[in-house]
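Here are my notes on this entry, set out as numbered points. Please read them with the structure open.

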Amino acid sequence: MIAKFEEELPLYSLSSSDAARQSELLSYIAKITEGETDMKSRSKIGGKNEGCFNKITVVGAGDLGIACVLAVAAKGVADKVILLDLSEGAAKGGTMDLEIFALPNVEISRDFSASADSKVVVVTVNSLGNAQTYLDVIQSNVDLFKGIIPAISHYSQNAVLLVASHPVEVMTYVAWKLSTFPKSRVIGVGANLDSERFQYILTNLLKAEVLAKDAWVIGEQGEDKVSSWTSYNLAANQTEGMAARNSRQKVANRAMEVLKGKGQRSWSVGLSVADLTDSILKDRRKVHSISTLAKGCCNINSEVFLSLPCILGTKGVLEVVKLEEDPLVQEKLQSSAGSIHDLQQQLKL
């Protein structure tokens, strides 16, 4: 995880040139934690937004946040989309453009109360600033979450929290702890995008449509992700079954090599977020590879979030789909769980 971060910075983090904007964001969060906003002064949750049926809030007005708003709006998933811009500076960049061109059903706000009664809250905020180490970067994000997550949870007590902040496994865990929501309603974007791409490559480029139906990318984002399978039926005969397994793995390896060349951009992650919110709001009970609490899976005993195939509905994760038993896959998942848990132990929550 650390090596991958040092090699390639998060696609939706703030650049060093945005240090002033980050300071504004930290200042705003500090005011929240000190009780200087009107969050605690309002006894009634709702107000002008309570009439919306399907309402989504996107927290963070960076490139990823705006990409999520545009993708959700284009998909027609929600009756109302709130973009929470937490910086104190004047409107600029994409946020100003959204105001200028006034998309239907999209509202920009700097007040947490605007998010009241959201069905899904997407968290996209990230911070780099002057952090020198990987742990410093994550702790900076944790500090942001300390102001954001309790406020969001206060106004949307029945929401599904969808985390897209980096690193998604750790920050989903942090959101879960700070929100006190049940584990089913706190998820991360995880490997949903990678899985959709993986299945597309298998079907359209490698012409392995049968394999693609049960193929998933799981585990940890980055170089440590791994391909796996759910209900794929191998031949009953042991020898034939081994040959089929080897053949399948060769195809999967080719697909993973192709997948490595596909970088993630804000707009592509935004499309993935829209896909997930669609499944949640419309109770599609579709299977997605998302970050979920992995404790109890593959002999993992620690509280860590990893991408696993999950059935999504209005209440979040309805069920974790059972994976085909594969010792190598389990070993990789356990290794990821161990490194993530060690990192989490160093954070100040």
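1. Start with a crossing. Helix 6 passes helix 11 in a right-handed crossing. The contact is built from Glu169, Val170 and Tyr173 on helix 6 and from Ile340, Leu343 and Gln344 on helix 11. By class, these residues divide into four nonpolar, one polar and one charged. Bear in mind throughout that this is a predicted model.

2. The geometry of that pair is as follows. The axes of helix 6 and helix 11 lie 10 Å apart and make an angle of about 55°. Helix 6 is therefore oblique to helix 11, since an angle of this size falls outside the parallel, antiparallel and perpendicular ranges.

3. Ile340 deserves a look. This residue lies in helix 11. Its relative accessible area is 0%, so Ile340 is buried, the cut-off being under 20%. In sequence, Ile340 and Val170 are 170 residues apart. In space, their C-alpha atoms are 7.0 Å apart.

4. Now helix 6 itself. The helix runs over residues 168-179, twelve in number. At 1.5 Å a residue it should span 16 Å, and its end C-alpha atoms are 16 Å apart, so the expected and modelled spans agree.

5. How many of the twelve residues of helix 6 are buried? Ten are, so the helix is mostly covered, with under 20% relative accessible area as the cut-off for buried. The buried set consists of Val168, Glu169, Val170, Met171, Thr172, Tyr173, Val174, Ala175, Trp176 and Ser179. Note that Glu169 is on this list and also takes part in the contact with helix 11.

6. What covers these buried residues? The cover includes two helices, helix 5 (134-155) and helix 11 (327-344). It also includes strand 5 (160-163), strand 6 (186-188), strand 9 (286-293) and strand 10 (305-313).

7. Helix 5 is the other helix partner to check. Its axis comes within 9 Å of the axis of helix 6, and the two cross at roughly 40°. Helix 5 and helix 6 are therefore oblique to each other. The crossing of helix 5 past helix 6 is right-handed.

8. The residues of this contact can be listed by side. Helix 5 supplies Ile138, Asn141, Val142, Phe145, Lys146, Ile149, Pro150 and Ser153. Helix 6 supplies Val170, Met171, Val174, Ala175, Leu178 and Ser179. The contact of helix 5 with helix 6 has ten nonpolar, three polar and one charged residues. Val170 appears here and in the contact with helix 11.

9. Both flanks of helix 6 need a backbone check. In the loop between strand 5 and helix 6 sits Pro167. The peptide bond from His166 to Pro167 is cis, with omega near -10°. After the helix comes Thr180, with a positive phi near 60°.

10. Two further non-glycine residues have positive phi. Asn105 has a phi of about 65°. It belongs to the loop between helix 4 (93-101) and strand 3 (106-109). With a relative accessible area of 45%, Asn105 is partly exposed. Lys207 has a phi of about 55°. Its place is the loop between helix 7 (192-205) and helix 8 (209-212). Lys207 counts as exposed, because its relative accessibility of 68% is over 50%.

Methods
Residues numbered from 1 in each chain as written. Predicted model: local features only at pLDDT ≥ 70, side-chain atom pairs only at ≥ 80, totals over all residues. Heavy atoms only, no water. Helix = DSSP H or I, 4+ residues; strand = E, 2+ residues; numbered from the N terminus. Expected span 1.5 Å × (residues − 1). Buried < 20%, exposed > 50% of the residue type's maximum accessible area, 1.4 Å probe, protein only. Contact = heavy atoms within 4.5 Å. Axes fitted to C-alpha atoms, helices over the stretch in contact; angles between N-to-C directions. Parallel < 35°, antiparallel > 145°, perpendicular 65-115°, else oblique. Left-handed = near helix turned anticlockwise from the far one by under 90°. Nonpolar A, V, L, I, M, F, W, Y, C, P; charged D, E, K, R; others polar.
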